[in-house]
Amino acid sequence: MTPLAGLILAGGKSTRFGEDKASAVLAGKPMLQWVVSRLEGVCLSIVVVRAAGQVLPHIDCAIPIESVEDLYEGKGPLAGLVAGLGTVGDGLCFATSCDAPLLRPELVVHIASLAEGYDIVCPHAGGFPQPLSAVYRAETCLPVFRESVERDVLKITAAFASLRVRIVREPELRAMDPDLRSFRNANRPEVAAGIEALLRDAIP
């Protein structure tokens with residue numbers, strides 16, 4: 001397995017969700033716990049990026065896990081990536097958000113396996129790039145992303161221009177995740193309810 005760190009962005013404003021998504025309970029567990037559980041079997045360590053003053057729920061994790069505060073207030077997920085990439089050190093990092101409880105570990109492993117010779121491996125699903133389900137090479141991405149945030153260019157994919165990017169298309173993704181559930185984000189209550197039903201169905 002490719003040595004890999006996990007990076008979870010948990011500091012979003014959760015405006016559409018109506019409450020802190022990281023702490024919201026789905027099928028008996030905080031949403032953040034579901035995502036940590038998906039990553040702990042395929043990553044060597046996990047970093048969770050939180051907003052200033054945000055209190056994260058208690059999380060059980062079998063590998064080292066660290067929580068760090070976002071360095072830039074109100075700058076969005078690209079700024080969260082800067083905080084996380086600055087903590088994980090050199091090497092590869094799989095970045096995701098705390099509202100992706102259906103993430104498939106085998107998909108994470110496959111995406112990471114494609115990183116040789118690239119700075120970023122980014123899936124495209126549903127007609128869009130998925131930069132919060134992507135692998136980043138910390139030592140090359142961090143300075144570029146930091147400069148972009150400091151210039152107030154905050155769209156994640158806009159920061160990709162000078163970096164080597166490997167795109168992973170839907171047919172390849174579906175080999176590991178036929179319904180592309182990894183990319184379903186519980187960012188609204190009605191979506192979360194459907195995801196919770198799927199999580200309950202999977203619990204023995």
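Me: How do you know that E172 forms a salt bridge with R166?

Reply: In this predicted model, the closest N and O atoms of E172 and R166 are 3.8 Å apart. A salt bridge requires a side-chain nitrogen of Lys or Arg within 4 Å of a carboxyl oxygen of Asp or Glu, and the pair therefore qualifies, since 3.8 Å is within that limit.

Me: Why are E172 and R166 called partly exposed?

Reply: The relative accessible area is 27% for E172 and 22% for R166. Buried means under 20% and exposed means over 50%, so E172 at 27% belongs in the class between them, and R166 at 22% is likewise placed there.

Me: What makes the meeting of K75 and D152 a salt bridge?

Reply: The side chains of K75 and D152 come to 2.5 Å, taken from N to O, which is within the 4 Å that the term demands, and the pair is therefore counted. This salt bridge joins distant parts of the chain, with K75 in the loop between β5 (65-69) and α2 (77-88) and D152 in the loop between α4 (138-150) and β10 (165-168), 77 residues apart.

Me: Are K75 and D152 buried or exposed, and how do you know?

Reply: Neither label applies, because K75 has a relative accessible area of 26% and D152 has 48%, and both values fall between the 20% and 50% cut-offs. K75 and D152 are therefore each described as partly exposed.

Me: What does K75 touch beyond its neighbours in sequence?

Reply: Once residues up to four places away in sequence are set aside, K75 touches V149, D152 and L154. By contrast, the C-alpha atoms of K75 and Q33, which are 42 residues apart along the chain, are separated by 25 Å.

Me: What is notable about the phi angle of D152?

Reply: Phi of D152 is near 65°, a positive value in a residue other than glycine. A27 also has a positive phi, near 50°, and is a residue other than glycine. A27 is placed in the loop between β2 (25-26) and β3 (29-30), and A27 is called buried because its relative accessible area of 9% is under 20%.

Me: How do you know that R164 and D119 meet in a salt bridge?

Reply: Their side chains are 2.9 Å apart, N to O, and this is within 4 Å, so the criterion is met. R164 lies in the loop between α4 and β10, while D119 lies in the loop between α3 (105-113) and β7 (120-125), so that this pair, 45 residues apart, links distant parts of the chain. D119 counts as buried because its 6% relative accessibility is under 20%, whereas R164, at 41%, counts as partly exposed. The whole structure holds 11 salt bridges, and a network of them links R104, E106 and D177.

Me: Why is S133 called buried?

Reply: S133 has a relative accessible area of 6%, and because this is under 20% the residue is classed as buried. S133 sits in the loop between β8 (128-129) and β9 (134-137), and, leaving aside neighbours within four places in sequence, S133 is in contact with F94, A95, I111, P123, S182 and F183.

Me: Is A5 buried or exposed, and how do you know?

Reply: A5 lies in strand β1 (residues 4-9), and its relative accessibility of 8% is under 20%, so A5 counts as buried. Apart from residues up to four places away in sequence, A5 touches C43, S45, V88, L92, C93 and F94. The C-alpha atoms of A5 and V135, 130 residues apart along the chain, are separated by 9.5 Å.

Me: How does the radius of gyration of the protein chain agree with that of a compact globule?

Reply: For 204 residues a compact globule would be expected near 17 Å, and because the protein chain has 16 Å, the value agrees with that expectation. The C-alpha atoms fill a box of roughly 45 × 40 × 35 Å along the principal axes, and 48% of the 204 residues count as buried. Among contacts with a separation of 6 or more, 68% involve residues 24 or more positions apart. The secondary structure of this chain comes to 6 helices and 10 strands.

Notes. Residues are numbered from 1 along each chain as its sequence is written. This is a predicted model: local features need pLDDT of at least 70, side-chain atom pairs count only at pLDDT 80 or more; totals for chains, interfaces and linings use all residues. Side-chain values use heavy atoms; hydrogens and water are left out. Helices (H or I, at least four residues) and strands (E, at least two) are DSSP runs, numbered from the N terminus. The radius of gyration is taken over C-alpha atoms; the globule rule is 2.2 Å times the number of residues to the power 0.38. Buried means under 20% relative accessible area, exposed over 50%, partly exposed in between (1.4 Å probe, protein chains only). Contact means heavy atoms within 4.5 Å.
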